[in-house]
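Visitor: Hi, could we walk through this one together? I'd like to start with what the terms mean.

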Number of protein chains: 2
Amino acid sequence: MKEGPDIAHIAALIGDPARANMLTALMSGKALTATELAGEAGISAQTASTHLAKLSEGGLVVTRKQGRHKYSTLANDGVAHLLESLMGIAAKSGHLRTRTGPKDAALRKARVCYNHLAGDMGTHMYDSLMQRGLILHDETDLSLTQTGATFVSEFGIDLDTLQRNRAPLCRDCLDWSERRAHLAGSVGRAMLSRMIDLGWARRLENSRVIRFSSSGEAAFAKHFPL
Amino acid sequence: MKEGPDIAHIAALIGDPARANMLTALMSGKALTATELAGEAGISAQTASTHLAKLSEGGLVVTRKQGRHKYSTLANDGVAHLLESLMGIAAKSGHLRTRTGPKDAALRKARVCYNHLAGDMGTHMYDSLMQRGLILHDETDLSLTQTGATFVSEFGIDLDTLQRNRAPLCRDCLDWSERRAHLAGSVGRAMLSRMIDLGWARRLENSRVIRFSSSGEAAFAKHFPL
DNA sequence: CAAATGCTTCGCTTAGCATCGAACTATGAA
DNA sequence: TTCATAGTTCGATGCTAAGCGAAGCATTTG
């Protein structure tokens, strides 16, 4: 009767509102402590502790002890991807968001998705890179072309360091607001952090929103034309 | 505090074992009646009825009344895609499948995923089509090339009829066993049903397994070389 | 018509689990 | 050492929801 893996177990892990809030908070890509996560979810520290144990046991989250703190992050890109898929379906199917605040527009424009750029500007960048032949799909994954590699290097990213990791350089990730692909993977992460280093944008506190300065937005448009 | 859509609600829908079993059964792509689904999940008809109401209300499933039967299917490709993602994560993270039966190997080789071909042979076909330039990625989706369209037509598929639908012709779908892409979308569905019409393969009862005859497998290899 | 089948609604029971208070361990600071 | 902070474990509580029996509605069949 039972075929394939046990999806109910891990779906149930995400299905609790408190845990879902923690996971959403971790979509920022930052490593958060247990108490921070408790705050995000609006629950006590004890409860958060048990939740974290379950999430980690279920392989959705990995933790690292450092002094008296315990930092948690999403276990891998796959989990982030899964969460975005969930958001996509949750967004369109049914009684949508609880409260459509002013933040919502900002989130749709540019936000962080597991440390890479998502939202309108994320898909814009993806389209630009794709159209100019800097990235392409081989059958299974996304990869940089030769010209793409030089472009990325000239943008100030050290590809050699990234390549030392086993993780794929490029992946695509489906955007819940745009329902289109954007650039994930280690290059995607590096691109975003480089933009922040360049002063183009900054991350808002306690939020996934990325705010571009007007000059930053201009530079962005110049670097990623369509 | 709450950003983005409510993922907990729909994750909770999938998180119940009975409902998860129903959804997995629907991954076959067949429309199943309420009692059939009750059987799949191992619960009574009444309980299945309430579960179906919730699934439909949550937008994961659509139902159609026909006489005294009520047929359910997955709501759209996105839901199927989400379920496959879940299986992928569930498969690798943690205490894996409950029981690795003989069926498992067959499932990995060829199975149906929302009416299209998945598993080893599914990714094989995808790779072949991609390598020969019959399908390609534009920035957002997958599409047939000119030569791809004639290939598909010569295979015996009426593209005009398919195109009348609003649904995308091609999509890619991530395989939980192979962790690679395979061909979904209406063309993917048509390909599989054509293979069955040609007698290459048949679907096993009460299972997602697709069994190719030896001559069918030979024909498959000939049509989709690498 | 009556009988049978498929599905749904109601009411009830039960089990699981999220939650917190309180007590305990571990690390860092004064 | 003493105090403070971070995190965990235990026990008790209370709510939610899954499950089924029974009754009801709808549709097809004899």
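Guide: Happy to! Buried means under 20% relative accessible area, exposed over 50%, and partly exposed in between (1.4 Å probe, protein chains only). This is a predicted model, where local features need pLDDT of at least 70 and side-chain atom pairs count only at pLDDT 80 or more, while totals for chains, interfaces and linings use all residues. Residues are numbered from 1 along each chain as its sequence is written, chains are lettered from A and ligands numbered from 1 in the order in which they are written, and side-chain values use heavy atoms, with hydrogens and water left out.

Visitor: So is Ile10(B) buried or exposed?

Guide: Ile10(B) counts as buried because its relative accessibility is 2%.

Visitor: What is Ile10(B) in contact with, beyond its neighbours within four places in sequence?

Guide: Its partners are Leu86(A), Ile89(A), Ala90(A), Leu60(B) and Leu82(B), with contact meaning heavy atoms within 4.5 Å.

Visitor: And how far apart are the C-alpha atoms of Ile10(B) and Gly58(B)?

Guide: They are separated by 6.6 Å, although the two residues are 48 apart along the chain.

Visitor: Switching to the DNA: which residues come nearest to strand C?

Guide: Gln46(A), Lys54(A), Thr35(B), Ser49(B) and Lys70(B), out of 20 around DNA strand C; a residue is near if one of its heavy atoms lies within 4 Å. Sugar and phosphate make up 69% of the strand C atoms that come within 4 Å of the protein.

Visitor: What does the side chain of Ser49(B) do there?

Guide: An N or O atom in that side chain is 2.6 Å from a phosphate oxygen of DNA strand C. For Thr47(A), a polar side-chain atom lies 2.9 Å from a phosphate oxygen of the strand.

Conventions:
Polar contact = N/O pair within 3.5 Å; in protein donor to acceptor, adjacent residues only side chain to side chain.
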